[in-house]
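Please open the structure in a viewer and keep the sequence at hand. The tour below proceeds by selections, each followed by a description of what is to be found there.

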Amino acid sequence: YYGIKFPFTHNNDDGLFLDLNERVSDKVASEILHVLLTPVRTRIRKPDFGTNLAKYIFDPNDGLTWDGVRNEAISAVNRYVRNVNLTDIQVIANEDDHHVFLDLKYSVQNGNSTENNELGVKLI
């Protein structure tokens with residue numbers, strides 16, 4: 001196993017308290033979600049861990065705000081998630097229901113091989 005699955009889930013079949021990641025790529029996706037969805041100053045021994053993405057909730061839904069969201073995500077992932085190379089981050093706004101999504105494309109170094117992955121995160 002490769003660490004606790006995030007967001008937390010519990011499957012009664014295996015007898016574990018929380019579900020664990022079974023692949024390195026799942027572990028990395030959990031780590032990315034964990035750092036992006038954790039507000040800064042909420043972890044006791046790591047007050048810098050996380051992002052300030054919540055501050056963008058009431059900002060205009062425009063390119064300037066999207067650049068701030070993109071830069072915040074890049075900075076946090078590069079700082080706290082090892083063995084990840086972000087290749088592309090898109091901020092996608094759905095005008096119909098006013099939701100904002102992050103679409104992250106990244107590669108994971110696992111030994112001598114590199115695996116390309118994609119992760120979608122709903123921010124608001």
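**First stop: a pair in helix α2**

Select R70, which counts as partly exposed because its relative accessibility is 23%. The model is a predicted one. Add D67 to the selection: the side chains of D67 and R70 meet in a salt bridge, with 2.7 Å from N to O. Both residues belong to helix α2, where they are three residues apart, about one turn of the helix. D67 is likewise partly exposed, with a relative accessible area of 37%.

**The overall fold**

Now display the whole chain as a cartoon. The protein chain contains two helices and three strands, and their order along the sequence is α-α-β-β-β. Colour the residues by burial: of the 124 residues, 35% count as buried. If a surface is drawn, the accessible area of the protein chain comes to about 8100 Å², and 49% of this belongs to carbon and sulfur atoms. A contact map may be opened alongside. Among contacts between residues at least 6 apart in sequence, 32% join residues at least 24 apart.

**The other salt bridges**

How many salt bridges does a search of the whole structure find? The search finds three, and the pair of D67 and R70 is one of them.

Move to helix α1 and select K27 and E31. These residues form a salt bridge in which the closest N and O atoms are 2.8 Å apart. Because K27 and E31 are four residues apart in helix α1, about one helical turn separates them. K27 counts as partly exposed at 25% relative accessibility, and E31 is partly exposed with a relative accessible area of 25%.

Next, select R79 and D48, whose side chains meet in a salt bridge at 3.8 Å, N to O. R79 lies in helix α2 and D48 in the loop between α1 and α2, so this pair ties together parts that are 31 residues apart in sequence. R79 is exposed, with a relative accessible area of 55%, whereas D48 is partly exposed at 46%.

**A buried charge without a salt bridge**

Return to helix α2 and select E72. Is E72 buried or exposed? E72 is buried, yet it has no salt bridge. The nearest side chain of opposite charge is that of K55, 4.6 Å away; a salt bridge requires the nitrogen and the carboxyl oxygen to be within 4 Å. To view the surroundings of E72, add T51, N52, L53 and Y56, which E72 touches when residues up to four places away in sequence are not counted.

**The nonpolar core**

In soluble globular proteins, nonpolar side chains tend to be buried together. For the example at hand, select V28, I32, L36, V77, L102, L104 and Y106. Of the 26 residues in the largest nonpolar core, these touch the most other members. The elements that give two or more residues to this core are α1, α2, β1, β2 (99–110) and β3 (113–122). The element that gives the most is α1, with seven residues.

Keep L104 selected and show its contacts. With neighbours within four places in sequence left aside, L104 is in contact with I32, L36, L86, D88, I89, N117, E118, L119 and V121.

**A nonpolar patch on the surface**

Turn to the outside and select I57, F58 and I124. These residues form a nonpolar patch on the surface, and their accessible area together is about 330 Å². Within the patch, F58 is found in the loop between α1 and α2. F58 counts as exposed because its relative accessibility is 78%.

**Last stop: two positive phi angles**

Select R41 and inspect its backbone. R41 has a positive phi of about 70° although it is not a glycine. Its place is in the loop between α1 (24–37) and α2 (63–80), and R41 is exposed, with a relative accessible area of 64%.

Finally, select N83. Which value does phi of N83 take? Phi of N83 is near 65°, a positive value in a residue other than glycine. N83 lies in the loop between α2 and β1 (84–94). With a relative accessible area of 52%, N83 is exposed.

Notes. Residues are numbered from 1 along each chain as its sequence is written. This is a predicted model: local features need pLDDT of at least 70, side-chain atom pairs count only at pLDDT 80 or more; totals for chains, interfaces and linings use all residues. Side-chain values use heavy atoms; hydrogens and water are left out. Buried means under 20% relative accessible area, exposed over 50%, partly exposed in between (1.4 Å probe, protein chains only). Patches are made of residues with over 30% relative accessible area and no salt bridge: like charges are joined within 9 Å, nonpolar side chains (Val, Leu, Ile, Met, Phe, Trp, Tyr) within 5 Å. Accessible areas come from the Shrake-Rupley method with a 1.4 Å probe; for residues, only the protein chains shown count as cover. A nonpolar core is a set of buried Ala, Val, Leu, Ile, Met, Phe, Trp, Tyr and Cys residues joined through side-chain atoms within 4.5 Å. Contact means heavy atoms within 4.5 Å. Lys and Arg count as positive and Asp and Glu as negative; His and the chain ends are not counted.
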